Every structure is written in structure tokens, then in C-alpha cells.
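Subject: A structure for you to look through

Hi there,

Here is the structure I promised to pass on to you. Please open it next to this email and follow along as you read.

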Amino acid sequence: MARRSLTDKIKRDIKYTSKDFGDLRNSLINHTKNYFPNTYSDFNETSPGMHMIEMAAYVGDVLNFYADVQLQESFLYTVQERKNLYNLSQGLGYKPKTLVPAQVDFDIMQLIPSTGAGTNTKPNWDYALEIEPEMIVSNADGVSFRTIDAVNFRFSSSYDKTDVSVYSVLEDGSIEYYLLKKCVKGVEGELFTETYDFTDAKKYDKIVLRNSNIYEVVSITDSDNNIWYEVPYLAQDLVPISIRNTEFNNRNYTQYASTVPYMLCYKQTEKRFITRRRNDDFLEIQFGAGLNSEADEEIIPNPMNVGLGLDYFARAEDVGIDPTNFLYTKTYGLAPNDTTLTVKYAVSNGLDGNVKANTLNTISTINFRSQLAGVDQVVLTEIQNSVTANNPHPAYGGMNRKDIDVIREEAMANFAAQNRSVTREDYILRCFTMPDKYGSIAAAYIEQDFQTSRWNSQETIPNPYALNLYILTKNASGEFTFANDAIKENLRNYLSQYRLMTDAINIKDPFIINIGIEYDIITRPNFNSYEVLLKCNNRLIELFNNDNMQINAPIQITDIVIELDKIDGVQTIDNFKVTNLSDTTLGYSGNVYSIEDATRNNIIYPSLDPSVFEVKYPREDIKGRVIDL
């Protein structure tokens with residue numbers, strides 16, 4: 001018969017719920033009284049036995065405290081230490097920033113000589129400049145801002161308009177120079193450059209930038225002028241790039257270059273990196289694990305070479321299987337070796353970047369793209385020297401170090417969104433966030449696609465695997481127009497990185513229904529009738545501005561009349577009528593729509609097929625009349 005262990009013979013009633021010093025002390029005293037009554041009975045505060053009991057309670061209290069803290073610091077919604085918050089946030093795909101840079105709207109201006117004579121004078125567009133991004137503009141206190149996108153004075157659209165005005169006139173009355181002006185976005189921050197030498201490749205190599213308050217890595221290039229791209233995670237091998245919409249790059253969409261200057265495409269590259277905020281608020285850059293010179297398709301593990309190493313592909317029974325061999329491919333990016341990386345990054349001043357209006361006017365760095373051949377170089381130099389900048393409005397948005405609670409909420413919101421388009425609103429929002437240089441979307445609407453139930457039937461049923469996305473853009477006059485093929489191609493590529501794999505997106509054109517408005521007003525005594533009528537017309541122009549008109553949105557006549565009643569001098573709005581305008585010879589869309597049949601309870605409903613109401617010529621199509629009681 002086997003001997004029983006001492007643990008099996010002795011049964012102790014141990015209390016496991018005690019956690020703090022007092023509970024642990026009392027539990028140890030009771031344990032001693034119950035199981036060692038004859039061995040020790042002196043529980044005086046000054047006795048040696050109490051010393052040992054209280055020391056044990058103290059150690060247990062400390063251990064329980066740190067166990068609670070570790071558990072607390074493991075969850076995003078209870079974490080309190082900033083270093084743990086950074087790690088948890090970055091693990092969920094959110095990259096916290098130590099501060100937020102200010103933003104500003106710049107007016108960039110240049111002179112341009114005239115060409116022609118007399119009434120045929122016009123700007124000589126051969127001298128219209130194209131300025132590279134990262135033009136640096138600063139104020140007297142040394143706070144610097146840089147432009148985000150290129151400034152192209154030759155390009156003009158409703159979202160990126162080039163304003164032209166007369167600057168100077170000669171003695172004979174002919175125009176000497178015109179003034180071109182564009183509004184561009186700028187972001188606060190001073191640029192710094194650091195270089196790092198790499199010899200032997202190391203998987204997942206890291207560098208730490210030697211500056212604090214870094215909010216963006218602008219670019220990384222190696223000694224061979226290759227560009228390294230930042231990605232959200234190293235497994236993402238596709239990066240978005242912009243290419244000029246020229247015949248050399250893509251002849252299919254060159255005809256739309258005046259409104260879509262860039263085409264969006266995605267490049268597959270092994271030269272990529274991620275950034276990570278460290279506990280000390282310094283920014284860390286991490287590269288991939290690719291160490292081999294062979295092409296990926298030659299060394300990616302497969303049933304013939306997995307676990308056998310990467311130096312040879314013959315099967316060998318005495319070689320152990322290593323499931324981490326795939327980490328040595330370029331699947332997670334390339335590790336730099338035998339090269340020098342030049343890192344350019346931006347450092348922000350946070351709250352100090354919120355500068356006043358009309359103070360940013362010193363251009364310290366500016367680079368021009370190549371000009372058209374055949375221009376006078378002396379005149380071109382004079383035009384380049386004429387470039388000026390100013391901020392007509394104050395800079396805004398600059399913030400100092402974010403509070404822990406703010407970072408926590410932003411991280412949880414980012415995790416919930418998952419950077420994917422799932423709902424109808426997600427897709428519409430993505431359309432509006434596409435950069436203007438790829439084409440601007442003025443209105444968007446999405447609905448479920450329908451298909452016929454049988455090949456010989458007119459009955460339709462929802463198609464669960466396809467969505468119909470209807471979009472519109474604006475022309476230079478702010479009127480709705482159909483998106484061209486270049487914009488649709490850019491939008492298709494842009495949405496491809498966010499849509500679900502099972503969602504097929506059909507990009508279509510909605511119907512444009514042009515309308516006119518007629519109404520009568522009765523004014524109050526002692527008010528100028530025509531002045532009140534002008535205010536009413538201007539208010540209607542605001543309400544029916546295309547910025548407020550969305551696809552498949554109804555017109556609430558009651559709400560519009562209430563807005564007119566708020567105008568001083570208006571006593572009554574009478575005979576408010578909306579009419580359909582469809583004469584194509586006058587520039588209308590030609591779509592005929594029965595406004596009367598579509599009106600229910602003072603609400604004008606859109607058609608079953610997605611459509612948008614538009615007042616095409618507000619000054620002519622909105623007609624008011626003053627009547628007497």
C-alpha cells in the first residue's frame with residue numbers, strides 16, 4: 001500500500017477571498033488560532049509572532065495590489081498608464097499622437113503676363129505655375145506651415161478653383177498682368193531630416209527618431225532613391241500612389257485631365273514600414289523581415305520546402321520543421337541592408353500653431369515643377385518671384401498633448417469602425433473623403449441592387465451581393481453634372497480598399513430633375529416690398545444650393561415656407577409652387593417629372609429611380625412676386 005502524502009493527510013480550511021492587509025491579517029490570526037492553538041497564542045501587537053503574521057499580510061497585500069493593477073492595465077477601458085494605453089491602442093490599429101498640428105487655408109497668388117491685344121487680351125497660361133507640395137510658409141514668430149498638395153494654377157474646378165483678376169493696366173488701357181489665386185490647405189509643422197546607415201539586414205529592424213512631438217513621417221528614401229512607404233501594418237503590401245493624368249501614363253482618361261489631374265492606383269511593394277509610439281513619446285519606425293534576395297514566389301513556404309530552410313529546396317528528413325520560416329520572406333516587408341535611409345518628418349508646436357489671420361506670409365521653401373517649353377526664362381523667373389502667400393483666416397485645430405481619456409475613446413471608436421465600409425452611410429462617407437485631386441464627389445447615394453427573379457419574368461428581387469452607388473459632381477459653375485469615367489475609375493480603386501469582399505459596387509449616374517420656384521408674398525406695413533422680396537429670393541437660393549441637395553432627398557415645402565416667414569417684413573407666403581423645367585435648349589437636363597403627382601402633404605418626393613432636384617439657374621428659376629391684401 002502506497003504511503004499518503006502529507007498534503008493528503010492535512011486538510012485546511014483556507015479563506016481565499018481576503019485581499020487587503022486587514023483581511024489577510026485577520027485570516028492569518030484565525031488560521032493560527034484554529035490550527036495551532038497550543039503552539040502559539042500570543043497575539044499581542046509587539047510579539048514576534050505578530051511580526052511574522054503582519055509581514056505575511058503585507059506581502060500578500062502588495063501582491064494582490066499589483067495583480068489588480070496588471071488586470072486593470074490589460075483592458076483599454078480601464079487602463080491608466082500612458083505607456084500601456086499606447087500599446088493597447090496600437091494593438092487595436094490606432095496610432096495615438098502626442099499632439100495635433102494646426103491647419104490653415106492659404107491663398108497662394110502669382111502674377112501672369114497677358115497675351116493678345118485690346119479686347120482680346122487674356123492670361124498667357126504658358127506661365128501658369130505648378131508648385132510642388134511642402135511649400136513652407138512662416139510668420140514673424142517662426143511658426144511654419146507646409147502645403148499638403150501641389151498647387152496647380154492651370155487646373156480649375158468647382159472644388160479647386162483658380163480665381164483670375166486684373167492686376168495692372170498699361171497707359172494705353174491694355175492689361176499688363178493678371179493675378180491668379182488658389183486656396184490650398186496647409187498644416188503646421190517644422191520639417192527635419194535624419195539619416196540612418198544599415199549594413200547587414202536584420203528582420204524587423206527598428207530605428208528611433210531623435211525628436212519629440214513628431215506627428216508625421218513625411219518620406220523615407222534610400223541611397224538608391226527608392227521610396228519606402230508607410231502602411232498600417234506590415235502585412236499590407238499595397239500602397240496608394242498618384243500618377244499624373246497624362247497620355248503617357250493612361251491614354252484612356254487623358255480627356256478628363258482638366259478636372260481629374262491625377263489617377264489613383266495601388267502599388268505592390270516590399271519597401272514598407274510602420275510607425276509606433278514608444279512609452280517615452282518618441283516615434284519608432286519598424287521595417288519588415290525579408291532577408292533574402294530571391295523573389296517571393298521562390299521562397300514562400302509550400303508543401304515542397306516548408307520547414308527546410310531557405311538556402312535549398314531539396315527535402316531532407318533530418319531537418320527539423322520550423323513553422324516560422326515564412327517570416328524570412330518579403331511577405332511582411334523588406335529589411336533594409338547595405339543602404340542609407342533618409343527620413344524626413346514633421347514636428348508640431350501643438351497649441352502654439354493656432355496663429356492669427358494674415359500673419360503667414362513669408363515663403364521660406366518653394367519648388368516648381370518643370371514649365372512648358374518655349375517660355376521666356378527671364379519672364380518665368382520674374383513670375384516665380386511674384387508668388388505670395390497669406391492666410392485670410394486664423395489657423396485652427398492645434399492641440400497639445402492629448403489626455404488619456406481622449407486617446408482611450410478614440411482608440412475604442414477606431415476599433416469599432418475597423419476601417420471598413422459596412423453600412424450605407426460608410427460608403428457614402430468614403431465617397432466624400434476621396435482626395436479632390438482624384439475628382440470631387442458632390443452627392444452620393446447607395447441602395448441595394450435588384451435582379452429579375454427568372455429570365456423570362458419582370459419580377460425583381462434584391463441582389464444581396466451587389467450595391468448601386470449613384471454619384472454626381474459639380475462643374476465650375478457649381479451645377480450638378482455626371483461624373484466622368486476618370487472619376488469613376490478613381491472612386492472604384494479608392495473604395496476597393498474599404499469595401500467588404502462580398503460587396504460588388506456598381507457606380508451609376510442618377511437622374512437630374514431641374515425645378516423652378518414661383519411664390520407670392522405679402523409684406524408688412526412700413527417695409528420696402530422689393531427689399532423684402534430680394535431677401536426672400538436670396539434665402540431660397542441658399543436653401544436650394546446644390547450643397548444642400550442630396551440624391552433621393554425630398555423637398556419639405558412646409559419647412560421652406562417657415563424659413564421665409566422668419567425674414568423681417570414677411571407677413572404671409574402665398575401660392576408657393578414648384579415646377580419642372582425640362583427644355584434642353586435652355587440647358588436643362590430634359591428629364592420630365594410630374595411634381596403634382598409626386599407631392600403628398602406638402603412634401604415633394606423623388607422618383608423611384610434615384611434622382612436629385614436642382615435649381616440650375618437660381619437667379620432666373622426662382623421667381624417671387626409681391627401682392628397686396
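Let's begin with a small puzzle: in which loop is the place of Asn225? Asn225 sits in the loop that runs between β11 (214-221) and β12 (227-230). Before you hunt for it, please keep in mind that this is a predicted model.

**Two asparagines in loops**

Once you have found Asn225, have a look at its backbone. The phi angle of Asn225 is near 65°, which is a positive value in a residue other than glycine. Is Asn225 buried or exposed? With a relative accessible area of 68%, Asn225 is exposed, because anything over 50% counts as exposed.

Asn358 is the next one to find. Asn358 is not a glycine either, yet its phi is positive, at about 60°. You will find Asn358 in the loop between β17 (339-347) and β18 (362-365). Its relative accessible area is 46%, so Asn358 is partly exposed.

**The sheet**

Now for the strands. Seven of them form an open sheet with mixed pairing, in the order β9-β17-β11-β12-β15-β16-β10. Why do β9 (190-198) and β10 (206-208) each have one side without a neighbour in the sheet? They stand at the edges, and each has a single partner strand, so one side of each is left free of a neighbour there. From one strand to the next, the twist averages 30°.

Within this sheet, try tracing β11 and β17, which pair in the antiparallel sense over six bridges. A handy landmark for this is Ile214, which stands opposite Val347 in β17.

**A pair of helices**

Finally, turn to helix α2 (residues 21-35) and helix α3 (residues 48-72). Their axes come within 8 Å and cross at roughly 135°. The two helices are therefore oblique to each other, and α2 passes α3 in a right-handed crossing.

Which residues of α2 meet α3? On the α2 side they are Phe21, Leu24, Arg25, Leu28, Ile29 and Thr32. Their counterparts in α3 are Met50, Ile53, Glu54, Ala56, Ala57, Tyr58, Gly60, Asp61 and Asn64. Sorted by class, this contact of α2 with α3 has nine nonpolar, three polar and three charged residues. Try picking out the charged ones yourself on the screen.

Enjoy exploring, and write back with any questions.

Best wishes

Technical notes:
Residues are numbered from 1 along each chain as its sequence is written. This is a predicted model: local features need pLDDT of at least 70, side-chain atom pairs count only at pLDDT 80 or more; totals for chains, interfaces and linings use all residues. Side-chain values use heavy atoms; hydrogens and water are left out. Helices (H or I, at least four residues) and strands (E, at least two) are DSSP runs, numbered from the N terminus. Buried means under 20% relative accessible area, exposed over 50%, partly exposed in between (1.4 Å probe, protein chains only). Axes are lines fitted to C-alpha atoms, for helices over the stretch in contact, and angles run from 0 to 180 degrees between N-to-C directions. Angles under 35 degrees count as roughly parallel, over 145 as roughly antiparallel, 65 to 115 as roughly perpendicular and the rest as oblique. A crossing is left-handed if the near helix is turned anticlockwise from the far one by less than a right angle, and right-handed if clockwise. Contact means heavy atoms within 4.5 Å. Ala, Val, Leu, Ile, Met, Phe, Trp, Tyr, Cys and Pro count as nonpolar, Asp, Glu, Lys and Arg as charged, and the others, Gly among them, as polar. Two strands pair if DSSP finds at least two bridges between them.
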